[in-house]
Structure formats: C-alpha cells, structure tokens
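I wanted to look up two things here, enclosed space and the contacts of aromatic rings. My notebook entries follow the structure itself.

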Amino acid sequence: MMKNIFKISLIVSFIMLIISCESILDENPPSSISLSSFYQTESDAIAGLYGAYSLVYNVSAGTAINYGELNADNLAISPIVSDAFSWDEFTYNSDVTGGLWSSCFSGINRSNEVILYTERIDINDGTKADIIAEAKALRAFYYFQLVRAMGGVPLYEEPTVGFDNIYAPRASEDEIYNLITRDLSNAVTELEETNSAGRINAHIASALLARVYLYRGDFQNALTYAQKVIDSGVYNLFDDYAAIFKPENDNGIEHIWQLQYLSGETNNTVPGNFGPRGIAGDYKNSFWANTVVGGGVAPSSEFVAESPQSYRKSATVADHYEHIDGITGTITMEQVYGGAFPYYICKYDDREAELQSGENFTIIRYADILLIAAEALNEVDPSDVQKYTWINRIRERARNGVETDLPDLSGLSQEEFRTAVLEERRFELAFEGQRAWDLKRRGLFLETMRAQGKTVEDYMLLFPVPDAQIKLNPNLEQNTGWE
C-alpha cells in the first residue's frame with residue numbers, strides 16, 4: 001500500500017464526490033449510485049475510508065506550515081519576495097480559512113458516511129469495528145484542526161444528505177473537544193498497533209490524544225497517552241537528526257504518522273518552498289536545483305539568532321550550500337543574495353527532486369511525544385526526574401557529540417523547566433507546524449509576536465470563520481473582531 005494509498009484515494013474521492021453531489025438532488029435517477037447502495041462490502045467500506053483520508057493532504061504539509069509557523073516567530077516570508085504575504089503580516093481577511101473549513105468538513109462528512117454505512121454492511125464484527133474506529137479517528141483529526149483555528153464550529157456526527165442538517169449552529173469548544181477525545185479514545189482501544197503506512201493505528205491515536213490533551217492543558221491525560229506511546233517500545237529517535245527528513249528514511253523508527261507522498265505523482269511542495277528562491281542574474285536558479293524553485297519562506301532573523309549552536313541548528317538552517325552539479329563547490333547565500341537572504345531552511349532539502357519531491361510530511365514524531373511527556377510530567381509531578389531523561393535524550397542527539405553544545409538539564413525549578421521545554425520544542429520541532437500552537441496554548445502568542453514588531457490584535461488568537469460560510473448558514477456567527 002505505502003505511498004500508493006494516495007493514488008487509490010484520489011480515484012475513490014472522485015467517485016465519492018459524484019455520489020455526494022447526486023445526494024443533494026431532489027430526484028435521484030434509477031441509474032445513479034446512492035451512498036447506501038455503494039456500501040455493500042468490506043472493500044466498499046475501505047474505499048470510502050480512503051476517500052476520507054484524501055482530505056488529510058489538504059490540511060497538512062503547506063497548510064500546517066501556514067497556520068502553525070508563518071504566523072509565529074520562527075518563520076517569515078522570504079525577504080526577496082516582492083509582494084507582502086498576509087500570513088506573515090497578519091493582514092489576512094475572513095476568507096483565509098475557506099480552504100481549511102471546506103477540506104475539514106468534507107473529511108468529516110466522508111468519515112461520517114463511513115461510520116454510518118459500514119455499520120449496515122454484513123461483515124466480520126471485528127473488521128467492522130476497526131473501520132469505524134479508524135473513520136472516527138479521522139473525524140477527530142479534522143475537528144482538531146478546526147477547533148484550534150476557529151474555536152467552536154458546527155458539530156456533525158452523521159453525514160449531511162441533501163439540505164438536511166447543513167445549517168447547524170456553532171457548538172462550544174468543549175463539545176468539539178469531547179467528541180475528539182471520545183473518538184480518539186475509541187481508536188486507541190479498538191485499532192491494532194500496526195496498520196498500512198499513512199493509516200491511523202492505536203499508537204497514532206494515542207499520540208494524537210497526547211497532543212490534544214497538551215493543547216487543552218490536561219497534563220495528566222497528556223502524560224498518560226504520551227507514556228503509552230513510549231512504553232510501546234515501537235518508536236525511537238534516529239541517531240542523526242538530519243536523517244529524520246531524508247526521503248530514503250520515510251516511515252522510519254521516529255515517524256509515528258506521516259503523510260505519504262510519491263515523487264512525480266503526489267508531490268510534496270514543502271521542500272521546494274523552503275529552498276533558496278531562484279533569482280534572475282548571474283546565479284539564475286542560484287545553483288540550488290535544475291529547476292526554478294518556489295523558495296517562498298525563510299527562517300526569521302530571531303530564530304537564527306536565538307537558536308543555540310549545535311549540530312541540530314546546522315541541520316535546520318544554513319548560509320551556504322554545494323552547487324547542484326557537485327563540481328563547482330560551495331556557494332554562500334551572501335554571494336548569491338548580497339545579504340538580502342542570509343539563511344535558508346535546509347531541514348527539508350530534497351534537491352534531486354525539488355519540485356517533484358516525494359519526501360513524506362511528518363504529522364507527529366517520537367521526539368514530540370518525549371517532549372509532551374516531559375512537559376506534562378513537570379506539571380503533574382515536578383519533582384519526578386524522569387522529565388530530564390526525556391528532554392535530555394533530545395538534547396543529546398541535537399549536540400551530536402559536541403559536549404559543550406546543549407548540555408544536559410538538571411536542577412531546574414518548575415517554572416524554569418516550563419521555559420526550557422518550550423524552547424526545546426521551538427528548535428527541535430522548528431518548521432513542522434507546531435510553533436504558533438505552542439505559543440497560543442501557553443498564553444505567549446501575543447507578546448511574542450508583538451516583540452517581533454508585528455501588529456497583532458487580541459482577537460487574532462482565533463482565525464475568522466469564512467465569510468462565505470456565514471452567508472450560506474444563517475446560524476453561524478463570526479469570531480469576535482473579524483465581523
């Protein structure tokens with residue numbers, strides 16, 4: 001299955017789109033396919049599940065970078081991009097969330113279809129329960145993207161058919177989170193510990209629950225589920241930090257859940273967007289690749305200055321690179337850009353493929369779980385020294401044998417450890433879509449961004465509900481400040 005899951009899901013998504021479109025018509029011609037008649041066998045249920053999975057591509061990778069990084073302090077629009085970029089400057093309007101909204105609710109609706117119609121299929125009870133649990137976990141994933149970004153949103157536990165139930169009002173955040181934790185808890189209990197690459201299993205559900213509970217400030221549950229992943233013994237850290245992000249290491253020991261890409265068919269745009277931007281003149285493509293790369297983003301000057309010196313830093317950002325021909329030698333960013341673009345993000349380098357990168361995008365990995373466990377334990381029992389074991393494993397790898405870099409932590413007060421683990425997350429998980437969410441859950445987002453010179457109003461802790469949806473649904477209300 002592996003990366004070909006996406007090819008299958010695209011076909012299924014097209015079929016499901018046709019079915020969904022037909023379901024809103026008042027008359028259903030006898031020759032057309034209805035959803036209820038589509039779901040007849042186990043294979044049909046799996047096909048519907050792949051259709052639900054296909055929307056994960058729309059809300060991860062580049063979307064995760066926009067929501068979790070570009071509107072935070074680590075990442076900025078490339079300084080040689082001429083046009084202002086709304087994500088970086090907080091100048092977006094109430095239509096910016098339209099893609100996230102439509103993709104998530106499409107994924108939720110497809111998940112609900114799988115849940116409802118699979119229940120009616122005459123198949124093995126265990127298989128049926130697994131398919132339904134996986135669909136519920138997907139539903140939880142999509143709702144988590146929505147509720148973090150916009151707060152309470154309409155809550156649907158059944159598929160919408162025709163115009164029935166499409167005008168639901170916004171549920172409270174607590175109601176949405178109750179559904180998320182219930183669905184993921186069911187997946188932890190029901191699903192097997194292994195599954196095909198890209199599909200949710202019990203360990204992935206536990207990891208997602210740990211992330212959800214951490215975001216909610218429920219540290220005991222965050223610790224419980226992070227500990228479940230750790231105690232499973234299934235995952236470990238790569239010895240080499242840079243190895244995490246190499247295409248040849250996809251679905252490796254540290255990757256808990258990855259979005260599957262296939263070069264030339266399902267291309268990951270993140271590596272090309274993070275490479276040095278091609279410019280006109282003597283350097284043309286800046287010798288980075290054989291094609292003109294997007295190069296739309298760059299590390300902020302604050303990130304470069306504040307990132308502690310270590311091997312991890314050198315594997316995350318760089319001020320030079322080798323010519324793509326392998327002969328010419330090293331070229332500095334200063335040579336190419338004259339100081340306008342001093343560093344680029346080398347974390348996702350895939351120069352051979354670049355615009356057709358097949359490098360997977362990691363949704364959650366083991367290092368994140370270790371840091372969740374350390375942070376949660378510091379809140380639950382600050383005297384327990386196990387928290388140092390977890391965070392120091394991350395730091396040991398990051399220094400890569402250089403003892404003077406990132407020494408082990410010990411003897412910190414509870415508040416000092418809070419600061420230390422947040423900083424460790426900042427640099428360990430840099431440009432993976434987590435920074436803005438970490439700042440928001442810790443109540444540090446506004447002051448951090450204002451210190452960086454950004455004009456950020458209090459209400460911008462939440463994103464706007466798309467205006468188009470408010471016009472369609474008279475029961476929806478806009479988030480305060482975005483009216």
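The entries below take the cavities and then the rings.

I worked on a predicted model, where local features need pLDDT of at least 70, side-chain atom pairs count only at pLDDT 80 or more, and totals for chains, interfaces and linings use all residues. I number residues from 1 along each chain as its sequence is written, and side-chain values use heavy atoms, with hydrogens and water left out.

Cavities. I took a cavity as a set of points, on a 1 Å grid over the protein atoms alone, where a 1.4 Å probe fits but cannot get out, and I found six of 30 Å³ or more, the largest holding about 210 Å³. Its lining (residues with an atom within 4 Å of a point) has 19 residues, with V59, A64, Q145, R148 and Q434 nearest the centre. I noted α5 (62–70), α8 (125–150), α10 (202–216) and β8 (361–365) as the elements giving two or more residues to this lining, and α8 has the largest share, four residues.

Rings. I counted 30 aromatic pairs, taking Phe, Tyr and Trp (its six-membered ring) as paired if their centres lie within 6.5 Å. F38 and Y39 pair edge-to-face (planes over 60 degrees apart), at 5.3 Å centre to centre and 85° between the planes. F38 is buried (under 20% relative accessible area, 1.4 Å probe, protein chains only) at 15%, and Y39 is buried at 4%. I also found that ring pairs link Y67, W87, F90, Y92, F445, Y459, F463 and W482 into a cluster.

Key:
1 Å grid on protein atoms, 1.4 Å probe; cavity = no way out; pocket = protein on both sides within 12 Å on 5 of 7 lines; lining within 4 Å. Points joined across faces, edges and corners; volume = space filled by probe spheres on them. Buried < 20%, exposed > 50% of the residue type's maximum accessible area, 1.4 Å probe, protein only.
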